[in-house]
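Trainee: Please take me through one part of this model closely. I'd like to see how it is put together and what lies around it.

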Amino acid sequence: FGARRIRHIGNFNMPSGAIYLAMGPSGAGKDTLLLGARAALSNDPRVHFISRRLTRSADRTTDIEISVTPEEFARAEAASEHAFSWDAHRTRYAIAHAALDTALAANGRCLLNVSRTIIDDVRAYAAARGVEVYCLYITCSDAALRERLLARGRESASAIDERLARSRAIRPYGAHVLTIPNEGSVEEGVNLVVRTLLGDAEAIAAGRSRTLADATVSHAADAAAESAERRRRRTSFMLLSAAICVAALAHSRRVP
């Protein structure tokens, strides 16, 4: 789409066996929708919710997370048990090889709750195994995100605005990105995730359409920002030039 920050993830052709990356900004309600979808698909052998390991206490994890100590995590990492790992907010996360490889061998649709920073690692892993990668981008409007983050009371308003700006800057785009809005009821959001994972054509088309619309808005915003920056620099240059001319004229008048 032309914006510098846009990341594309290949061409679109949804197979039965694939890796689906669930991601989205903090406050979008991703965990709620994933847990709801997992419950709804608990008896469907096609979809596998791969648990992630993390160095957080068990009372602060969800049903699709496994709490481990930093020492256990380090040992598993050293033993090459992790397909992917990443750090965020003083916590370490990983997806284990064993569960993921077993599910892919069964031609399953594997959903991973991961960071946007490991997209390239997942693509390389999937390419080596001949499977596709898709992104389920769960999000909502900036206004809704700001309201939810403020309600948590963990960050100041300025810190939240910075968080939202960072989130927009690393937002993934492309044909493999299916945007899931989470501004209605939980049931509506869960239903969208379930339908998308099961390959519902209408849900997939809607997800792609939302991604395209968001990319168009992002591109326009980038273009407007670049234009404004060029105007600012031009104005600054003209003011500086005028100041130099005035100073030079004043100096010449002082010279006898």
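Mentor: Happy to! Two strands pair here if DSSP finds at least two bridges between them; strands themselves are DSSP runs (E, at least two residues), as helices are (H or I, at least four), both numbered from the N terminus. This is a predicted model, in which local features need pLDDT of at least 70 and side-chain atom pairs 80 or more, while totals for chains, interfaces and linings use all residues. Residues are numbered from 1 along each chain as its sequence is written, and side-chain values use heavy atoms, leaving out hydrogens and water.

Let's settle on the open sheet of five strands, whose order is S2-S7-S1-S8-S9 with parallel pairing. Its edges are S2 (47-50) and S9 (177-181); each has a single partner strand, so one side of each has no neighbour in the sheet. On average, neighbouring strands are turned by 25° against each other, direction ignored (axes are lines fitted to C-alpha atoms, for helices over the stretch in contact, and angles run from 0 to 180 degrees between N-to-C directions).

Further in, S1 (residues 18-23) and S8 run parallel and are joined by six bridges. One pair to find on your screen is Leu21 with its bridge partner Cys135 in S8. Helix H7 (residues 186-197) packs on this sheet, touching S1, S2, S7 (109-113), S8 and S9, where contact means heavy atoms within 4.5 Å. The direction of H7 makes about 160° with that of S9.

Now follow S8 (132-139) outward: together with helix H5 (142-152), this strand is among what covers the buried residues of helix H6. Those buried residues are Ile160, Arg163, Leu164 and Ser167 (buried means under 20% relative accessible area, exposed over 50%, partly exposed in between, with a 1.4 Å probe and protein chains only). They cover an arc of only 100° around the axis, which puts them on the same side of H6; the arc is that of the directions from the helix axis to the C-beta atoms. As background, an α-helix has 3.6 residues a turn, so residues three or four places apart point the same way. H6 itself (residues 157-169) has 13 residues and reaches 19 Å from first C-alpha to last, close to the 18 Å expected, taken as 1.5 Å times one less than the number of residues.

The edge strand S9, which spans 177-181, has a neighbour of another kind. The side chain of Thr211 reaches the backbone oxygen of Val177 at 2.7 Å. That fits the polar contact rule: N or O atoms within 3.5 Å, within protein with one able to donate a hydrogen and the other to accept it, residues adjacent in sequence counting only if both atoms are side-chain atoms. Thr211 belongs to helix H8 (residues 201-254), and its relative accessible area of 2% is why Thr211 counts as buried. Leaving aside residues up to four places away in sequence, Thr211 touches Arg171, Tyr173, Gly174, Val177, Leu178 and Thr179.

Finally, the setting. The protein chain has eight helices and nine strands, and 39% of its 256 residues count as buried. Among its contacts with a separation of 6 or more, 73% are between residues 24 or more positions apart. There is also an open sheet of four strands, ordered S4-S3-S6-S5 with mixed pairing.
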